[in-house]
Amino acid sequence: MIIVLKRDATQEEVDHIIASIQEWGLEADISRGKEQTVIGILGDESVARNKPLEAFPGVDHVMQVQKPYKRASAEFKAEPTKIVIPPVNSKGREIVIGGEEIVVSAGPCSVEGRDMLVEIATKAKAAGAGILRGGAFKPRSSPYSFQGLGVDGVRFLTDVRAELGMPIVTEVMDTRDVELIEEYSDIIQVGARNMQNFSLLKVLGGTDKPILLKRGLSNTIEELLMSAEYIMNSGNDRIILCERGIRTFETYTRNTLDLSAVAVIKNESHLPVMIDPSHGTGIRALIEPMARAGIAAGADALMIEVHNNPEEAFSDGPQSLLPEDFAKLMQGLEKVAGAVNRRIGGR
Ligand code: PEP
Ligand code: MN
């Protein structure tokens with residue numbers, strides 16, 4: 001950490017800063033330039049990070065040198081993290097997120113019933129989807145919108161999971177539901193709106209299921225990594241980071257899919273990255289090009305919303321692909337995946 005002093009900082013102020021740094025068990029290294037004087041803090045930066053250094057008289061600003069996240073950082077673990085999901089049953093296969101295969105999770109935005117889920121999942125699996133997604137507890141902007149089928153939705157997901165041998169991912173919104181979702185799902189999703197629900201993140205740190213952590217609507221990549229750090233620091237290091245679009249001034253698309261996040265996270269972290277072009281664009285026609293771009297940028301996984309009757313969907317119909325369009329998209333992705341030495345789904 002580097003403290004840049006004000007030009008008119010007095011010797012008394014400088015001495016007080018240095019004495020405080022030493023009191024915290026750290027070393028201070030002062031360097032006086034012609035224009036500016038700076039104090040370098042040597043030692044465990046996290047100690048100094050918890051002190052209000054900018055409140056000290058004579059301090060102009062403070063710059064951090066070490067990353068605020070540790071366990072999530074690429075420095076902490078050289079090898080990329082692979083998340084292994086064992087076969088659900090004899091009809092299933094092992095899924096590895098972060099390996100050679102680009103894992104595709106597909107399914108409806110909301111679980112609306114058993115029959116629709118069976119139909120969508122059967123077709124998605126045939127097209128190469130490795131994981132079935134579906135919301136049972138839905139985070140809706142309006143309390144009057146469909147809130148999800150709750151426990152019944154989870155039951156339908158587990159039925160289809162057993163029937164098709166497909167692992168499932170579903171969202172948990174409330175700490176009170178963590179036990180239920182942990183028991184029945186293969187991956188627990190934290191939605192964009194809960195990315196900084198720190199109590200939820202800490203509870204999820206105590207579970208032994210992988211966590212799909214979606215980037216918040218207006219959160220930086222560093223904040224996403226810090227949220228992963230919360231879960232890891234509480235004991236669970238199996239996390240998939242998901243870029244699902246952020247809020248910008250652009251209104252053409254529902255969100256702005258930040259593809260640079262894939263490359264940034266790959267540089268900064270060992271955790272696997274998923275791209276969600278469905279919520280990222282909100283527009284059916286843009287899902288395939290953005291899925292391709294995500295793979296080219298280095299994503300390990302995709303999330304695509306698929307519905308057998310988007311016109312009647314309880315949520316996110318406009319961005320949902322018909323199963324046959326999803327199958328075409330999967331075929332089209334093969335070449336792009338091949339170009340970056342990956343392969344799509346179970347193909
Ligand atoms: C979802 O994936 O079902 C969802 C609600 O997405 P997000 O949290 O990214 O809005
Ligand atoms: Mn949705």
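Reader: How many Å from an oxygen atom of ligand 1 does a polar side-chain atom of Lys-138 lie?

Author: The model is predicted, and the distance is computed from its atoms. Lys-138 is one of the residues that surround ligand 1. The atom in question is a polar atom of the Lys-138 side chain, and its partner is an oxygen atom of ligand 1, at 3.0 Å.

Reader: Which residue offers a polar backbone atom 2.8 Å from an oxygen atom of ligand 1?

Author: The residues around ligand 1 include Gln-189, Gly-191, Ala-192 and Arg-193. Gln-189 uses a polar side-chain atom, 2.9 Å from an oxygen atom of the ligand. The backbone atom at 2.8 Å belongs to Ala-192.

Reader: What share of the accessible area of ligand 1 does the protein cover?

Author: Ligand 1 sits in the second largest pocket. On its own, ligand 1 has 300 Å² of accessible area, and the part of this covered by the protein is 96%.

Reader: Which residues are the protein donors of the manganese ion?

Author: The manganese ion is ligand 2, and its protein donors lie 2.0 to 2.3 Å from it. Their spacing in sequence is C-x169-H-x25-E-x10-D. With their donor atoms, the residues are Cys-109 (SG), His-279 (NE2), Glu-305 (OE) and Asp-316 (OD).

Reader: How many residues apart are Cys-109 and Glu-305?

Author: Cys-109 is in the loop between strand 7 (101–107) and helix 3 (114–126), while Glu-305 is in strand 14 (residues 301–305). Both Cys-109 and Glu-305 are buried. The pair links distant parts of the chain, with a separation of 196 residues.

Reader: Which residue has a side-chain polar atom 2.9 Å from the backbone oxygen of His-279?

Author: His-279 is a donor of the manganese ion and is also among the residues surrounding ligand 1. The partner of its backbone oxygen lies in the loop between strand 12 (239–243) and helix 8 (260–268). That partner is buried, with a relative accessible area of 6%. The residue is Asn-255.

Reader: Is Asp-316 buried or exposed?

Author: Asp-316, a donor of the manganese ion, lies in the loop between strand 14 and helix 11 (323–339). Its phi is near 55°, a positive value in a residue other than glycine. Most residues other than glycine have a negative phi. The relative accessible area of Asp-316 is 17%, under the 20% cut-off, so this residue counts as buried.

Reader: Where does Asn-341 lie, and is this residue buried or exposed?

Author: Asn-341 has a phi near 60°, a positive value in a residue other than glycine. Its place is the loop between helix 11 and strand 15 (343–344). With a relative accessible area of 65%, over the 50% cut-off, Asn-341 is exposed.

Reader: Which residue's side chain makes a polar contact with the side chain of Asn-219?

Author: Asn-219 is found in the loop between strand 11 (211–214) and helix 7 (221–233). Asn-219 is buried, with a relative accessible area of 12%. Its side-chain contact is at 2.8 Å, and the partner is Glu-223.

Reader: What percentage of the residues in the protein chain is buried?

Author: The chain has eleven helices and 15 strands. Its C-alpha trace spans about 75 × 40 × 40 Å along the principal axes. Of the 347 residues in the chain, the buried share is 51%.

Definitions and conventions: Residues are numbered from 1 along each chain as its sequence is written. Chains are lettered from A and ligands numbered from 1 in the order in which they are written. This is a predicted model: local features need pLDDT of at least 70, side-chain atom pairs count only at pLDDT 80 or more; totals for chains, interfaces and linings use all residues. Side-chain values use heavy atoms; hydrogens and water are left out. Donors are N, O and S atoms within 2.8 Å of the metal (3.2 Å for Na, K and Ca); water is not among the atoms, so sites may look incomplete. Helices (H or I, at least four residues) and strands (E, at least two) are DSSP runs, numbered from the N terminus. Buried means under 20% relative accessible area, exposed over 50%, partly exposed in between (1.4 Å probe, protein chains only). A residue is near a molecule or strand if one of its heavy atoms lies within 4 Å of it. A polar contact is a pair of N or O atoms within 3.5 Å; within protein, one must be able to donate a hydrogen and the other to accept it, and residues adjacent in sequence count only if both atoms are side-chain atoms. Accessible areas come from the Shrake-Rupley method with a 1.4 Å probe; for residues, only the protein chains shown count as cover. On a 1 Å grid over the protein atoms alone, a cavity is a set of points where a 1.4 Å probe fits but cannot get out, and a pocket is an open set with protein on both sides within 12 Å along at least five of seven lines; lining residues have an atom within 4 Å of a point. A molecule sits in a cavity or pocket if more than half of its atoms lie within 2 Å of its grid points.
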